[in-house]
2 protein chains.
Amino acid sequence: MKITLIGGGKLGKQFYRKLVDIEEIELVQWMVRSSKTNLTSEGVPVVDQMKELMHSDLYLIAVPDKAIDSIAEALPIEAFVAHCSGGVSLDVLKQKRGGVFYPLQSFSEGRIIDFSTVTFVLEAKQVKDLTLLQQLANYFGAHHITIDSKQRAQLHLAAVIVNNFTNHLFTEAAALCEQNDLSFDLLKPLIQETVNKLEALSPKAAQTGPAVRNDQETITKHLKSIKNPKLKEIYQVVTSAIQQQS
Amino acid sequence: MKITLIGGGKLGKQFYRKLVDIEEIELVQWMVRSSKTNLTSEGVPVVDQMKELMHSDLYLIAVPDKAIDSIAEALPIEAFVAHCSGGVSLDVLKQKRGGVFYPLQSFSEGRIIDFSTVTFVLEAKQVKDLTLLQQLANYFGAHHITIDSKQRAQLHLAAVIVNNFTNHLFTEAAALCEQNDLSFDLLKPLIQETVNKLEALSPKAAQTGPAVRNDQETITKHLKSIKNPKLKEIYQVVTSAIQQQS
């Protein structure tokens, strides 16, 4: 399978690293805007202009959401083009052979993702192209599911909640620890147990703490002690949401 | 060390299970309100009245926060009494030999906690009693730290944030998955990676997603698609908090 990778950001880099390692794949070119090199150390040509792109079996667009449509428009209308976004509809691609190859994972600079733990969320306008994307997910050693753009948008929303929002709670807790001369490491076993519980219980059944047991005294004490107004808002909104659900 | 355990809830049960296993400890009695038995299968006397309690080296109070002071008041004034709460001040105990033995962990019915991953947060009015509590934490095979009531209250707040609030985000995400015919299992590798990142990065440095990259288009799409008003509030407040911090 001849693949052209477009994008040199966090996702593009992780894809590059994986794609050059897959025997069945020939990485034709890697397009990286403002690239300073013409060739990677693995011998893949690097280009920085869309017009330099040659023929390929699949153009994989791993760029920020808002850049997807302009990149796709600059590609041949008969090409097989797939974007890698959770929130962008398949319709954004004008090509008849449009597809989606969205890795349900969070990519941070400097971290190497083990793709065997990743599920690729697939969609394609044509069945044969879906088969190609499934094969590509297999080459990655990853899982895959096929859902429509509407479901994918909701899955992406859920991913933002469990990843970005959870991580923000960790950020707030880390700040509290720092302000009180406590190591954030103290909380890590508790964080891990919060996740481990999901193997045995639904998150709703696993809920504990002042909100779910309606311990108004502790809630009032906590709110009084919070100085950061944003954290206070988060505390109020989430506590009220837990209480409503219980 | 002779110990009397007071409380038959989630925490009391976990403590009971561990205490009967520790050779160096004689569990004198276990007080469980509305208990239906006089003796556990391990041979520990069970009582349901404070007045039935006999002498002990340490009375360990594992009851809801609001019951702590009345339980402590019913205990001998010269006794060594420790409560196990994150949010209750040491001063609530009138005994001169008051202490705190707070396990920084979340206890759910039916889950057996591995105490080697638990840190006990200790406090005592007298140094010799602190030493006893440190020894007890060692018997549990657990870690321990000693901090004051003010720090402990803030640590408890941080624990509520990373455990209860995070778990609520999981609950919201699970509901979204269910509403869209998606398995919540899909999100578990992402949840695990969110936690794994903490080993290498601060949560602030690990942040990704629409809020931190100011992707207003995705944020607007998400907000439009959220039907649950509580989730919409959470989305707005947390997104704004992430943006303020970045």
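To work out how long a helix ought to be, take 1.5 Å times one less than its number of residues. Try that on helix α8 of chain A in this predicted model. Its 17 residues, 229–245, should span 24 Å, and the C-alpha atoms at its two ends are 24 Å apart, so the expectation and the model agree.

Keep α8 of chain A in mind while we step back to the chain that holds it. Chain A has 246 residues, and 46% of them count as buried. Its secondary structure is made of eight helices and eight strands. Along the principal axes, the C-alpha atoms of chain A fill a box of roughly 65 × 40 × 30 Å. If you take the contacts in chain A with a separation of 6 or more, 48% of them join residues 24 or more positions apart.

Now bring in the second chain. Two copies of a chain are related by a rotation about an axis and a shift along it. Here, a rotation of 180° with 0.0 Å of shift along its axis lays chain A on chain B, with an RMSD of 0.0 Å. That is the relation of a two-fold axis. Which residue of chain A comes closest to the rotation axis? It's A:Thr166, whose C-alpha lies 2.8 Å away from the axis.

Next, look at where the chains touch. In total, 76 residues of chain A are in contact with 76 residues of chain B. On the chain A side, α4, α5, α6, α7 and α8 each supply at least two residues. The biggest giver is α4 of chain A, with 24 residues. Sorted by class, this side of chain A has 36 nonpolar, 27 polar and 13 charged residues. The copies meet through the same surface, because 100% of the interface residues of chain A are also interface residues in chain B.

Let's zoom in on α4. Two packed helices are described by the angle between their axes and the distance between the axes. For α4 of chain A and α4 of chain B, both residues 149–179, the axes come within 9 Å and cross at roughly 180°. That makes α4(A) roughly antiparallel to α4(B). The residues of this contact divide into 20 nonpolar, four polar and two charged.

Finally, back to α8 of chain A. Its buried residues include A:Leu231, A:Ile234, A:Tyr235 and A:Ile242. What covers the buried residues of this helix? The cover includes α4 and α7 from chain A, together with α4 and α8 from chain B.

Conventions. Residues are numbered from 1 along each chain as its sequence is written. Chains are lettered from A and ligands numbered from 1 in the order in which they are written. This is a predicted model: local features need pLDDT of at least 70, side-chain atom pairs count only at pLDDT 80 or more; totals for chains, interfaces and linings use all residues. Helices (H or I, at least four residues) and strands (E, at least two) are DSSP runs, numbered from the N terminus. A residue is buried if 20 or more other C-beta atoms lie within 10 Å of its own, exposed if 12 or fewer, and partly exposed in between; C-beta atoms are placed from the backbone. Two residues are in contact if their C-beta atoms, placed from the backbone, lie within 7 Å. Copies are superposed by least squares on the C-alpha atoms of residues with pLDDT of at least 70 in both. Axes are lines fitted to C-alpha atoms, for helices over the stretch in contact, and angles run from 0 to 180 degrees between N-to-C directions. Angles under 35 degrees count as roughly parallel, over 145 as roughly antiparallel, 65 to 115 as roughly perpendicular and the rest as oblique. Ala, Val, Leu, Ile, Met, Phe, Trp, Tyr, Cys and Pro count as nonpolar, Asp, Glu, Lys and Arg as charged, and the others, Gly among them, as polar.
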